[in-house]
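Colleague: Before I plan anything at the bench, I would like to learn how to read a model like this one, feature by feature. Could we go through it together?

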Amino acid sequence: MEPTFFPSSPEKQLEGWPDWSILIVDDEQGMLNFLVKTLAPRCQLVMSAASAEDGAQWLQTHHVDLVILDISLPGKNGVSWLKELREQGFSGEVILITAFADLDTAIEALRAGASDFILKPFRVPQLLNAIKHCYERSRLRRENFVLRRAVTSAPGRGPALVGASPAIQHLRESISRVASVNSTVLLQGESGTGKELVARELHAQSARAIGPFVPVNCAAVSPELIESELFGHAKGAFTGATRARDGLFHYAQGGTLFLDEIAELPLPIQATLLRAIEDLKIRPVGSEQLMPVNLRIMAATNRHLADEVAAGRFRKDLYFRLQVVDLSLPPLREHKEDIAELVAHFMAQLAPSLGVEPLQISPEEMGFLEQYDWPGNVRELRNLIERSLILGVLNVSALYPSTTTPRSGQPSASGLPTNLHTLEKQHILSILESVHGDKTRAAQLLGVSRRTLERRVAEWASA
């Protein structure tokens, strides 16, 4: 039987599971017709097969979230096929149905990996309730995966943008307008300007807020693994793939996938990503399955993507596909009037978690902070406040190393340079010296990416 497609609609979203694909395997044609008629209006895709062998053919080319499987089938029975599916890495939900069952059969079914077990004849509410439980279990697995990733990510991101400057007010207004649409968003700005924070705020204000927000740093995943990380892989797809694995597109279903440092994606993966965004379907590595996806894509980069396109390092078609909405985040040096509010925010956020009292910042000290150029932007300011809370005093010497701190608005009697670029260079070189030239550690302390740090050092060497 051919699959039946039903496009998502507001009505379907109220009564069923519009993102789910269901495979029904039963040798009774009347039962097949009944189940298809019952489930088709509630799901994205319903497929049917009369045997385990026919069902296996569907699974070779289609992603399936739930299998409703009769135990008594011609040829291979349902329990035997279920065991094979689990051994092959199938991670979807399975509801077994049968007209003849005893306790031993039920135990065998559950041990084989069944999610639920229903006796014929059954009523429609009974079936829908079983599917609802499967859907909730699947949703919780995805949420747990996303939460585990969030726990290991960098802490300290606030719930909203901080600041009252015209630049931040304009950014807030842009977020309010863009959040309500489903278009892709490209966030551009220097390292440390808060691109992920803006992406989270866009997600929180959107209709997808009830779905997951799944971030991935494209620069932190090796080029060999990034395709599997995004799209998943089949068992045996490559050396070491001992089981099938879902990708981040799967875990972001119904929500937002945030691709940070997207300029770091290899060109072949850029082509695959473009196809996935345009078709809203993905194909796991080493698999023939096509999996429909329902999510919003947001991407971010600290590079100027137009320049990357001109240099041949980024696909023009993907750039235009991502640039439906293009938001540029201002560096901190362009809205220094927000520094006082940001300092207060970080103090209130970090002091309780560190178990220390907030510091009292004098007007003179605030003047030192506002004089500095902040090459690492808001992230560098946050790192400074955290170090200062640990030390118990504002760590101004980290900004003006090897000198006596000047009074706000006055020239330095100790020869401190007042040129902001010179101050930046002096600070970065001091941090590098303190970590014995370890650029990775220095970049973490500065709140910038290693690539940004290397570019700065290279500019000074060529000057």
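Modeller: What follows is a short conversation about a strand, a cavity and some backbone angles.

Modeller: This is a predicted model, in which local features need pLDDT of at least 70 and side-chain atom pairs count only at pLDDT 80 or more, while totals for chains, interfaces and linings use all residues. Residues are numbered from 1 along each chain as its sequence is written, and side-chain values use heavy atoms, with hydrogens and water left out.

Colleague: How many residues of strand β4 are buried?

Modeller: Helices (H or I, at least four residues) and strands (E, at least two) are DSSP runs numbered from the N terminus, and buried means under 20% relative accessible area, exposed over 50%, and partly exposed in between, with a 1.4 Å probe and protein chains only. In a regular strand the side chains alternate between the two faces of the sheet. In β4, residues 66-70, five of five residues are buried, with L66, I68 and D70 on one side and V67 and L69 on the other.

Colleague: Which strands does β4 pair with, and in which direction do they run?

Modeller: Two strands pair if DSSP finds at least two bridges between them. Strand β2 (residues 17-25) runs parallel to β4 and is joined to it by four bridges, with L23 opposite V67. Strand β5 (residues 93-98) is also parallel to β4, through five bridges, and L69 stands opposite L96 there.

Colleague: What lines the largest cavity?

Modeller: On a 1 Å grid over the protein atoms alone, a cavity is a set of points where a 1.4 Å probe fits but cannot get out, and lining residues have an atom within 4 Å of a point. The largest cavity holds about 40 Å³ of space, and its lining consists of P375, I428, L446, V448, T452, L453 and R456. Helix α19 (residues 450-462) gives the most to that lining, with three residues.

Colleague: Which backbone angles deserve a second look?

Modeller: Most residues other than glycine have a negative phi, and most peptide bonds are trans. Here the peptide bond from K120 to P121 is cis, with omega near -10 degrees, and P121 lies in the loop between β6 (116-119) and α6. L280 has a positive phi near 55 degrees, and N377 has one near 60 degrees.

Colleague: Is L280 buried or partly exposed, and what about N377?

Modeller: L280 counts as partly exposed because its relative accessibility is 42%, whereas N377, in helix α16 (residues 377-391), is buried because its relative accessible area is 0%.

Terms used. On a 1 Å grid over the protein atoms alone, a cavity is a set of points where a 1.4 Å probe fits but cannot get out, and a pocket is an open set with protein on both sides within 12 Å along at least five of seven lines; lining residues have an atom within 4 Å of a point. Grid points are joined across faces, edges and corners, and a volume is the space filled by probe spheres set on the points.
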